[in-house]
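Hi,

Here is the structure I said I would pass on. Have a look first, and my notes follow below.

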Amino acid sequence: MKIVRRPLILILLQLVVVISLTNALLESELVKEPPTTEKVDDAKSDVTAKQEEGIAGTNNVDSCATDAIVDSSTNSTTNLDDDNIIDAAKINTKEEDQVQVGPFIDLLGTKLLSMNMVDETHAKMDLHNTNEALDGKKVVGIYFSADWCGPCRQFTPELVSFYNKMNNRRGKKNQFEIVWVSSCRDQESFGQYFTHMNWLALPPEEATGQRGKMLASKYKVKGIPHLALLDEVGNVITLEGRTKIPQDRTGLGFPW
């Protein structure tokens, strides 16, 4: 019996040693776990930082895109189509600060645009103080029109001819002015259509905004083209300019 017990005791001792070693190894692994967690946390923080940088970068791109859109409206040149380019007006700060009063300021605002062809494919757009642009004018036409309107495209060349004729009359040169109130659907259409005119225009954002609506209501616009004629202090001469011109192309009765 003694011979048998000794191997059993040895086996038991060996098991105790193995268990002790195993526990020691497990404890050492548990001690090493926090650095591993820190590395994972560091990796997560790196990923989060990169994601945040990516979001910030995206916001910057959006901001730049927004700035580019804003800048495109004030660029020195704007593409109208393959054949036409407009040089946008450069606003003089001193003019911007000038105080203007009078009936036409109430009606039209402080700024008006003009378009001048530089050559066959380029046109220059200029910005003017309203009172200066209308100084000395005895008759001011308010012309409601748009590029998409067929009757407007037919009437505009006739109005250009009549406008030139009235402003070349002996003793009455350059006493007739027209201000176009556009109903064009976008800036490109506005610029393209404006190249067919040699008078003034409301800035397109004014024409299609509250001021344009106010003018259309005031001068009883039911459809376009529509031409109202005002005297030098803004009183209505006639709201029937559209029908008067075809009836009196020589302008004998102008301004009717």
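Starting with the surface: the protein chain exposes about 16300 Å², and 55% of that comes from carbon and sulfur atoms. Do keep in mind that this is a predicted model. The chain has 256 residues, 31% of them buried, and its fold is made up of nine helices and nine strands. If you look at contacts between residues at least 6 apart in sequence, 63% of them join residues at least 24 apart.

The part I spent most time on is the aromatics. There are 12 aromatic pairs in the structure. One of them is F162 with W256, a stacked pair at 5.7 Å centre to centre with 20° between the planes. F162 lies in helix 5 (residues 150–167) and W256 in the segment after helix 9 (241–247), so this pair ties together parts that are 94 residues apart in sequence. W256 also pairs with F254, but there the planes are at 90° and the ring centres 5.2 Å apart, so that pair is edge-to-face.

As for how covered these rings are, F162 is buried at 3% relative accessibility and F254 is buried at 8%, whereas W256 is partly exposed at 27%. Ring pairs join these three and Y143, F155, Y163, F176 and W199 into a cluster. A charge comes in here too: the charged end of R242 sits over the ring of F155, 4.6 Å from the ring's centre.

W256 turns up again next to strand 9 (residues 236–238), where I237 is found. I237 touches W256, and its other contacts beyond four places in sequence are V139, L229, L230, D231 and P255. From C-alpha to C-alpha, I237 and W256 are 7.3 Å apart, with their positions 19 residues apart in sequence. I237 is partly exposed, with a relative accessible area of 28%.

Then there is T130, in helix 4 (residues 130–133). T130 has 0% relative accessibility, so it counts as buried. Leaving out residues up to four places away in sequence, T130 touches Q100, F104, I105, L108, G109, T110, K111 and L112.

Last, the cysteines, in case you were wondering: how many disulfides does the structure hold? Zero. C149 is buried at 7% relative accessibility, and C152 is buried as well, with a relative accessible area of 0%.

Cheers

Notes: Residues numbered from 1 in each chain as written. Predicted model: local features only at pLDDT ≥ 70, side-chain atom pairs only at ≥ 80, totals over all residues. Heavy atoms only, no water. Helix = DSSP H or I, 4+ residues; strand = E, 2+ residues; numbered from the N terminus. Buried < 20%, exposed > 50% of the residue type's maximum accessible area, 1.4 Å probe, protein only. Contact = heavy atoms within 4.5 Å. Areas by Shrake-Rupley, 256 points an atom, 1.4 Å probe, with all protein chains shown as cover. Disulfide = S-S within 2.5 Å. Phe/Tyr/Trp six-rings, centres within 6.5 Å; stacked < 30°, edge-to-face > 60°. Lys NZ or Arg CZ within 6 Å of the ring centre and 35° of its normal.
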